[in-house]
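Have your viewer ready and your selection tool at hand. We will make a few short stops, and at each one you pick something and look around.

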Amino acid sequence: MSSEQPTVLLVEDEPAQREVLAYNLEAEGFRVARAGDGEEAIMMVEEEQPDIILLDWMLPNLSGIEVCRRLKMRPETRQVPVIMISARSEEVDRVRGLETGADDYVVKPYSVVELMARVRTQLRRVRPSTVGERLEYQDIVLDSETHRVTRDGKELKLGPTEFRLLSTFMEKPGRVWSREQLLDRVWGRDIYVDTRTVDVHVGRLRKALTRHGGSDPVRTVRGAGYALG
Ligand code: CA
């Protein structure tokens, strides 16, 4: 799976509701991981590393509120946007939902179109390249809709893997990515690729980026991985 397909973790205990929502999310181009209760949700977050979580409030075992609280307490999962979904519509519940750190709150019955728009809004914040945004870093411009990359106005030819590598780097300039993280993000979690393959493609990316001059913006962080800038 390409990195351009964001993963949604869908936490809902009602199978019928879960499947309707999963169907709609998949139709919108998302990869959907499903959890049926709160404890499973916590486990799946680690396994699937979702880009966003849709979390039902009323769940068996662990409530959605408690799941959200735990995720927002942990540094590894704090950044993942959570949209709480609830049948409760009173203002007090909405406030409580947001107080636990949820990034947005949707009341059942919701419009699927509106929910999809809210999912995109959250993703635009954390993974802009997945929603057709233009990313810029210094003189490099990456258009994720047309797949064009330019540097100092000159078009660069990148292979699909180098393109995904660059968009991953450009989403978070300065962030250090380990080879394993890049493998997950760029090649997908289900594919076995040797970590040295990452080095090969980073090498190709560097060559492409410096073809028309300019310094190499990709930094090798010894013992850790790679970063942009
Ligand atoms: Ca429920």
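Start by selecting R74 in this predicted model. Which residues does R74 touch, once its neighbours within four places in sequence are set aside? Show I42 and E46, and you have the answer: R74 is in contact with both. Now turn on the cartoon, and you will see R74 in the loop between α3 (64-73) and β4 (82-86). For a sense of distance, add Y226 to the selection: R74 and Y226 are 152 residues apart in sequence, and their C-alpha atoms lie 24 Å apart in space.

Next, click on the calcium ion. Its coordination comes from D13 (OD), D56 (OD) and M58 (O), at 2.1 to 2.4 Å. Distant parts of the chain are linked here: D13 sits in the loop between β1 (7-11) and α1 (15-27), while M58, 45 residues apart from D13, sits in the loop between β3 (52-56) and α3. Read along the chain, the calcium donors have the spacing D-x42-D-x1-M. Switch on the surface around D13: is this residue buried, exposed or in between? D13 counts as partly exposed, because its relative accessibility is 26%.

For the last stop, select D104, which belongs to strand β5 (residues 104-107). With a relative accessible area of 17%, D104 is buried, since the cut-off for buried is under 20%. Show side chains and look for R118: its side chain makes a polar contact with the side chain of D104, at 2.8 Å. Beyond the neighbours within four places in sequence, D104 is also in contact with other residues, including V82, I83, M84, L98 and Q122.

How values were computed:
Residues are numbered from 1 along each chain as its sequence is written. This is a predicted model: local features need pLDDT of at least 70, side-chain atom pairs count only at pLDDT 80 or more; totals for chains, interfaces and linings use all residues. Side-chain values use heavy atoms; hydrogens and water are left out. Helices (H or I, at least four residues) and strands (E, at least two) are DSSP runs, numbered from the N terminus. Contact means heavy atoms within 4.5 Å. Donors are N, O and S atoms within 2.8 Å of the metal (3.2 Å for Na, K and Ca); water is not among the atoms, so sites may look incomplete. Buried means under 20% relative accessible area, exposed over 50%, partly exposed in between (1.4 Å probe, protein chains only). A polar contact is a pair of N or O atoms within 3.5 Å; within protein, one must be able to donate a hydrogen and the other to accept it, and residues adjacent in sequence count only if both atoms are side-chain atoms.
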